[in-house]
Amino acid sequence: MEHPTPAASEAVQRAAGAIAARHRGDLDGAEALLAAFPSEQAKTLGFYLLAELALGLVRAQSGQSMDELIQELSLHLATSSGQPPPGD
């Protein structure tokens, strides 16, 4: 991931904070962080960049390619939602 702008960095931090709040059971805090995004575009950018960063960290640790990680993620999502895996 290239160096994000200060606004993009703030959006990523807000997205990560919302996820952290939700996982510790602070649903009001998570909602407040989500509501604090200045626009839907900023929210989308924050979560997109957070996902890219998280996948990059997993890739670095696992040694898998990004394509392999995305395929594994797609299979996991299909399985957990009760849908057939992609390509079936």
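Colleague: Why does Glu10 count as partly exposed, rather than as buried or exposed?

Modeller: In this predicted model, Glu10 has a relative accessibility of 43%. Since buried means under 20% and exposed means over 50%, a value of 43% puts Glu10 in the class in between, and Glu10 therefore counts as partly exposed.

Colleague: How do you know that Glu10 forms a salt bridge with Arg14?

Modeller: The closest N and O atoms of Glu10 and Arg14 are 2.9 Å apart, and a salt bridge asks for a side-chain nitrogen of Lys or Arg within 4 Å of a carboxyl oxygen of Asp or Glu. The pair meets that condition, so the name salt bridge applies to Glu10 and Arg14. As a general point, side chains of opposite charge can pair when their charged atoms come close.

Colleague: Why are Glu10 and Arg14 separated by about one helical turn?

Modeller: Both belong to helix α1, and because they are four residues apart in that helix, about one helical turn separates them. The partners do not fall in one class of accessibility, however, for Arg14 has a relative accessibility of 17% and so counts as buried, whereas Glu10, at 43%, is partly exposed.

Colleague: How many salt bridges does a search of the whole structure find, and what makes the pairing of Glu40 and Lys43 a salt bridge?

Modeller: The search of the whole structure finds two. The side chains of Glu40 and Lys43 meet with a distance of 3.4 Å from N to O, and because the limit is 4 Å, this pairing also qualifies as a salt bridge. Glu40 and Lys43 are three residues apart in helix α3, which again means a separation of about one helical turn.

Colleague: What makes Glu40 exposed, and why does Lys43 count as partly exposed?

Modeller: Glu40 has a relative accessible area of 57%, and as exposed means over 50%, Glu40 is exposed. Lys43 stands at 21% relative accessibility, and because buried means under 20%, Lys43 is not in the buried class but counts as partly exposed.

Colleague: Which residues make up the largest nonpolar core, and what makes it a core?

Modeller: The core has eight residues in all, namely Ala8, Ala11, Val12, Ala15, Phe37, Ala42, Leu49 and Leu50. They are called a core because they are buried nonpolar residues joined through side-chain atoms within 4.5 Å. Helices α1 (6-23) and α3 (40-62) each supply at least two residues of this core, and α1 gives the most, with four. In general, nonpolar side chains tend to be buried together in soluble globular proteins.

Colleague: Which residues does Ala11 touch, not counting residues up to four places away in sequence?

Modeller: Ala11 touches Phe37, Ala42 and Gly46. Ala42 and Gly46 are also among the buried residues of α3, a list that includes Leu49 and Leu50, and the buried residues of α3 pack against α1.

Colleague: How do you know that the length of α3 is close to what is expected at 1.5 Å a residue?

Modeller: α3 has 23 residues and reaches 33 Å from its first C-alpha to its last, which is close to the expected 33 Å. Just after this helix, Gly63 takes a positive phi of about 80°. Helix α4 (residues 66-80) can be treated in a similar way, for it has 15 residues and a reach of 21 Å, close to the 21 Å expected, and Gly82, which follows α4, has a positive phi near 80°.

Colleague: What makes Ile70, Leu73 and Leu77 a nonpolar patch on the surface?

Modeller: A residue in such a patch needs over 30% relative accessible area, and Ile70, found in helix α4, has 37%, so it passes that cut-off and counts as partly exposed. Together, Ile70, Leu73 and Leu77 have about 250 Å² of accessible area.

Colleague: Why do Gly25 and Asp28 count as exposed?

Modeller: Gly25, in the loop between α1 and α2 (27-35), has a relative accessibility of 55%, and Asp28, which lies in helix α2, has 67%. Because the cut-off for exposed is over 50%, Gly25 counts as exposed, and Asp28 does as well.

Methods
Residues numbered from 1 in each chain as written. Predicted model: local features only at pLDDT ≥ 70, side-chain atom pairs only at ≥ 80, totals over all residues. Heavy atoms only, no water. Expected span 1.5 Å × (residues − 1). Buried < 20%, exposed > 50% of the residue type's maximum accessible area, 1.4 Å probe, protein only. Contact = heavy atoms within 4.5 Å. Patch = residues over 30% accessible without salt bridge, like charges linked within 9 Å, V, L, I, M, F, W, Y side chains within 5 Å. Areas by Shrake-Rupley, 256 points an atom, 1.4 Å probe, with all protein chains shown as cover.
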